[in-house]
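Welcome! Take a moment to turn the model around on your screen, and then let us walk through it together.

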Amino acid sequence: NSQRLLEFEYFSPSQSDRLARKHQVEPQRYFFDPVRGHYYLEGYCLETQSTKFGRLTQEKIMFYRLGRIRSPIILPRRFAPGLRHPKVHELVYLLDTQIARQGVTEHFPNCGITYLADGRAEVRASSTNLFMDLRTLLHYGPSCQVTGGEQAVREMKYLVEAMYRRYEEE
């Protein structure tokens, strides 16, 4: 049993030139994210193509918001499903007492929760999409601190510092 590659133009808000990039993807699954209210395609991106950078090999799992996909084409090339697995990132965070005392929401599969003597909770989880998972944790505001997973800490610090700079400019 095999599936076929998908090619489409994708408009990402992270592209300052506002031009679409062509993506060639092995589709894995699509899902609805009730928090963000959008459907997403999870796929193994083989390459992207743009007028500015030409063809770039990606070879990584990416998440695409369906509303930003244009001109999809099913290609004749086939691939075997189940061979690609997303990179798993360690994600450790502390929740302050006022959050932890009511019980901790398990936002991520296979997470472990330890309630500490001071009333806080430490959550250990695995993330296959730090972009979305860290933004989920932002809803806790200052009651949450990402403490583990080198990349998770680095990306959360970047988000918080960028938010701070935005308010500092006013």
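## A first pairing

A good place to begin is Tyr10, whose bridge partner in E5 is Ile69. The strands involved are E1, which covers residues 3–10, and E5; they pair in the antiparallel sense over six bridges.

## The five-stranded sheet

That pairing belongs to an open sheet of five strands. Reading across the sheet, the order is E4-E3-E2-E1-E5, and the pairing is antiparallel. At the edges lie strand E4 (54–65) and strand E5 (69–79), each of which pairs on one side only. From one strand to the next, the twist averages 30°.

## How confident is the model?

Please keep in mind that this is a predicted model. What average pLDDT does the protein chain reach? The average is 91, and 98% of the residues score at least 70.

Confidence also varies among the elements of the chain: the lowest mean pLDDT, 86, belongs to E4, while the highest, 97, belongs to strand E9 (residues 144–148). You have already met E4 as an edge strand of the sheet.

## Salt bridges to look for

How many salt bridges does the count come to? The count is nine, and three of them make a nice short tour.

Start with Asp17 and Arg21, whose side chains meet in a salt bridge at 2.9 Å, N to O. Is Arg21 buried or exposed? Arg21 is buried, because its relative accessible area of 9% is under 20%. Its partner Asp17 counts as partly exposed, at 31% relative accessibility.

## A link between distant parts

Next, find Glu26 and Arg84, which form a salt bridge with their closest N and O atoms 2.9 Å apart. This pair links distant parts of the chain: Glu26 sits in strand E2 (residues 21–33), Arg84 sits in the loop between E5 and strand E6 (89–95), and the two are 58 residues apart. Glu26 is buried, with a relative accessible area of 3%, whereas Arg84 is partly exposed, with 29%.

## A small network

The last stop is the salt bridge between Glu90 and Arg124, where the closest N and O atoms are 3.5 Å apart. Because Glu90 lies in strand E6 and Arg124 in strand E8 (residues 121–127), the pair ties together parts that are 34 residues apart in sequence. Glu90 is partly exposed at 46% relative accessibility, and Arg124 is partly exposed with a relative accessible area of 43%.

Which residues are joined into one network by salt bridges that share partners? They are Glu90, Glu122 and Arg124.

Definitions and conventions:
Residues numbered from 1 in each chain as written. Predicted model: local features only at pLDDT ≥ 70, side-chain atom pairs only at ≥ 80, totals over all residues. Heavy atoms only, no water. Pairing = 2+ DSSP bridges. Helix = DSSP H or I, 4+ residues; strand = E, 2+ residues; numbered from the N terminus. Axes fitted to C-alpha atoms, helices over the stretch in contact; angles between N-to-C directions. pLDDT = per-residue confidence, 0-100. Salt bridge = Lys/Arg side-chain N within 4 Å of Asp/Glu carboxyl O. Buried < 20%, exposed > 50% of the residue type's maximum accessible area, 1.4 Å probe, protein only.
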